[in-house]
Amino acid sequence: MEKFFMAGERYSPTLNFDPDKNLLEFIGQSYPEHAEDIYNPAFEWIGEFLKTDGRNVTVNIKLTYFNTASSRRLQDLMEILESYEKAGRGTVLINWYYKSEDYDMMECGEDYIEAFDLNIKLIELES
């Protein structure tokens, strides 16, 4: 399976998915006008990626801002990963990065911890 890479722009995140490392990374800001244009191809790739059992998936979420549409897509991602893990098909670790003074991003990570039965670690970054 080939890597998936989409370079971030002003309103869209960098998406870096490496199947050899079982790594999915979301980096930057995510408030595109049409979130489906970014996330649909990414989710197609993730769907193919998760057809393989036994993966120990690491997801690094290093977003500094995201809008409601992107939040919905992150929720979709969490649901997909939660289903994969609950079915006993593999394990998932989500690293949720936030800057030390960014309480909104920290609270978003906390909300996902409460909402999903996944191993989500909050990782504080120095500003």
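**Helix packing, aromatic contacts and loop positions**

Proline 32 is buried, with a relative accessible area of 9%, in a model that is predicted. This proline is placed in the loop that runs between strand S3 (23-30) and H1. When residues up to four places away in sequence are not counted, proline 32 touches Tyr11, Ile38, Asn67 and Ser70. With one of these partners, asparagine 67, the separation along the chain is 35 residues, whereas the C-alpha atoms of proline 32 and asparagine 67 are separated by 8.2 Å.

The helix that follows this loop, H1 (residues 35-49), packs with helix H2 (residues 68-86), the two axes coming within 10 Å and crossing at roughly 10 degrees. Because angles under 35 degrees count as roughly parallel, H1 is described as roughly parallel to H2. On the side of H1, the contact is made by Ala35, Tyr39, Asn40, Phe43 and Ile46, and on the side of H2 by Ala69, Ser70, Arg73, Asp76, Leu77 and Ile80. By class, the residues of this contact divide into 7 nonpolar, 2 polar and 2 charged. Two of the residues that take part in the contact, Phe43 of H1 and Arg73 of H2, are also related through a charge and a ring, in that the charged end of arginine 73 sits over the ring of phenylalanine 43, 4.3 Å from its centre. A further arrangement of this kind involves lysine 62, whose charged end sits over the ring of tyrosine 97 at 4.9 Å from the ring centre.

Aromatic pairs number 11 in the structure. In one of them, tryptophan 96 and tyrosine 112 form a tilted pair, with 5.3 Å from centre to centre and 45 degrees between the planes. Tryptophan 96 lies in strand S5 (residues 90-99) and tyrosine 112 in helix H3 (residues 103-115), so the pair ties together parts of the chain that are 16 residues apart in sequence. Both tryptophan 96 and tyrosine 112 are buried, the relative accessible area of tyrosine 112 being 8%. Tyrosine 112 also takes part in an aromatic pair with phenylalanine 116, and this pair is stacked, with a distance of 6.2 Å centre to centre and an angle of 25 degrees between the planes. Phenylalanine 116 is likewise buried, with a relative accessible area of 9%. Tyrosine 112 thus appears both in a tilted pair with tryptophan 96 and in a stacked pair with phenylalanine 116. Elsewhere in the model, Phe4, Phe17, Phe26, Trp45 and Phe49 form one aromatic cluster.

Two further loop positions were examined. Asparagine 22, placed in the loop between strand S2 (14-18) and S3, has a positive phi of about 55 degrees although this residue is not a glycine. The relative accessible area of asparagine 22 is 16%, and the residue is classed as buried because this value falls under 20%. Glycine 88, by contrast, is exposed, with a relative accessible area of 65%, and its place is in the loop between H2 and S5. Glycine 88 and glycine 54 are 34 residues apart in sequence, while the distance between them in space is 8.4 Å, taken from C-alpha to C-alpha.

Notes. Residues are numbered from 1 along each chain as its sequence is written. This is a predicted model: local features need pLDDT of at least 70, side-chain atom pairs count only at pLDDT 80 or more; totals for chains, interfaces and linings use all residues. Side-chain values use heavy atoms; hydrogens and water are left out. Axes are lines fitted to C-alpha atoms, for helices over the stretch in contact, and angles run from 0 to 180 degrees between N-to-C directions. Helices (H or I, at least four residues) and strands (E, at least two) are DSSP runs, numbered from the N terminus. Angles under 35 degrees count as roughly parallel, over 145 as roughly antiparallel, 65 to 115 as roughly perpendicular and the rest as oblique. Contact means heavy atoms within 4.5 Å. Ala, Val, Leu, Ile, Met, Phe, Trp, Tyr, Cys and Pro count as nonpolar, Asp, Glu, Lys and Arg as charged, and the others, Gly among them, as polar. Buried means under 20% relative accessible area, exposed over 50%, partly exposed in between (1.4 Å probe, protein chains only). Rings of Phe, Tyr and Trp (its six-membered ring) pair if their centres lie within 6.5 Å; planes under 30 degrees apart count as stacked, over 60 as edge-to-face and the rest as tilted. A charge sits over a ring if NZ of Lys or CZ of Arg is within 6 Å of the ring centre and within 35 degrees of the ring normal.
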